[in-house]
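Work through the exercises below with the sequence and the coordinates open. Each task is followed by a solution in steps.

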Amino acid sequence: MEDRITLACKQFAKVLESQLRRVEAMKAQDGFIDYGKLSPIVIGICGGDGIGPVITGQAHRMLEFLLADEVKAGKIQFQVIDGLTIENRIAVGKAIPDDVLAELKSCHVILKGPTTTPQKGDGRPNIESANVAMRKELDLFANIRPVKVPSKGINWTIFRENTEGGYAVGSEGINVTDDLAVDFTVTTRQGTERIARLAYEFARKNGFTRVSLVTKANVIKTTDGNFLEICHEVAKDYPEITTDEWYADIMTAKLIDEKRRRDFQVLLLPNLYGDIISDEAAEFQGGVGTAGAANTGKRYAMFEAIHGSAPRMVAEGRGAYADPCSMLRAAAMLLSHIGYQEKSDKLTRALDICSFEEKRLTITGRDTGATCEEFANYVMETVKSLE
Ligand code: IPM
Ligand code: MG
């Protein structure tokens, strides 16, 4: 028994050492990269698994179209990265193969299709999710997920902390004995401050008046408690913004309360609650297939769908009917992030017209609706009509 405890303590010490190293790295970090000073800006395109290449292909085509002049002028360069597939990851036993990671790091921003994550017990090696690994490797600490349903008065922006919480060492839990397993959740001062500041700055710049903090600090007292406390400290620098607190369970309920949910504007949450609540929030907008996300850090940024690779759709031969909107929204966020706000607005406007207003085509995920390519063509035509 004592041996098992000693062994577990040793493993735990390693976890603590790596997290303290991460804290030091955060302290030493420079400011945000200035895209205005880069030429060319290198955009990596990573198709991913399952429906990934189908929907990413359409988003890539849209970016090539919107940035055609900039590519000609040498201001933008696209770099297609093929190797981030589940087959390659399993072959080398790594969440991201080394050569792929090097390619990713040679880009400034990345458009990434969903990747498949093996699950414990599904017969495949239990390697870490490529998503989670990329967020950690590139230190993409802010997962920003907007959800908008104009007809219902919904306009939420979710700021999900992206490198800590239950995800920081999610693959390094300890089976102390056959009967006792322990996982860890992590909050750091630096990690919380930087996401909180980004959320409050976003609220200020975009004229939002309210930031809602979502935790389970009533139960997970230490890590969630610190998250809450540190967010309140940051909030002091934004006196014009109202800060309120919610527990994650009641927040899931309030998001379906038609009278209350219109009041939410910016939600600021630790990683796992952000994961769960952003799927729920996206459902009001038409499902996870309609929602894109930015994963931003100080040096790198990655843009993706909020959903997975839908292997079932592919297995059932429905891959061509996947909804490209999540990746097109991700592409719009990418354009805005690198300073092409007008192009981003145009794409967002076209997506709003096609998805909420005109709705000439619908995506059902099967042959009762439009194909991915047909819908992307529709968005493309709409973009062109806005020229
Ligand atoms: C997301 C996804 C990922 C996550 C999975 C695929 C690991 O659900 O981006 O929200 O949990 O973060
Ligand atoms: Mg998720």
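A polar contact is a pair of N or O atoms within 3.5 Å; within protein, one must be able to donate a hydrogen and the other to accept it, and residues adjacent in sequence count only if both atoms are side-chain atoms. The model is predicted, so local features need pLDDT of at least 70 and side-chain atom pairs count only at pLDDT 80 or more, while totals for chains, interfaces and linings use all residues. Residues are numbered from 1 along each chain as its sequence is written, chains are lettered from A and ligands numbered from 1 in the order in which they are written, and side-chain values use heavy atoms, with hydrogens and water left out.

**Exercise 1. Describe the surroundings of ligand 1.**

Step 1. A residue is near a molecule if one of its heavy atoms lies within 4 Å of it. The residues around ligand 1 are Ser-129, Asn-131, Val-132, Arg-135, Arg-145, Arg-160, Tyr-167, Asp-275 and Ile-306.

Step 2. Sort this shell by class: three residues are nonpolar, two polar and four charged. Here Ala, Val, Leu, Ile, Met, Phe, Trp, Tyr, Cys and Pro count as nonpolar, Asp, Glu, Lys and Arg as charged, and the others, Gly among them, as polar.

Step 3. Helix 6 (residues 130-137) supplies the largest share of the shell, three residues. Helices (H or I, at least four residues) and strands (E, at least two) are DSSP runs, numbered from the N terminus.

Step 4. Look for polar side-chain atoms facing oxygen atoms of ligand 1. Arg-160 has one at 2.8 Å, Arg-135 has one at 2.7 Å, and an N or O atom in the side chain of Tyr-167 is 2.6 Å from a ligand oxygen. Taken alone, ligand 1 exposes 320 Å², of which the protein buries 78% (Shrake-Rupley method, 1.4 Å probe).

**Exercise 2. Is Phe-78 buried or exposed, and which residues does Phe-78 contact?**

Step 1. Locate Phe-78 in strand 2 (residues 76-81).

Step 2. Its relative accessible area is 17%, so Phe-78 is buried (buried is under 20%, exposed over 50%, partly exposed in between; 1.4 Å probe, protein chains only).

Step 3. Leaving aside neighbours within four places in sequence, Phe-78 contacts Ile-43, Ile-45, His-60, Leu-63, Glu-64, Leu-67 and Val-71 (contact means heavy atoms within 4.5 Å).

**Exercise 3. Examine the backbone at Pro-40, Ala-310 and Lys-359.**

Step 1. Ser-39 and Pro-40 are joined by a cis peptide bond, with omega about 0°. Pro-40 lies in the loop between helix 1 (2-28) and strand 1 (41-46).

Step 2. Ala-310 is not a glycine, yet its phi is positive, about 50°. Ala-310 is partly exposed at 24%.

Step 3. Lys-359 has a positive phi near 45° and sits in the loop between helix 13 (341-357) and helix 14 (372-385).
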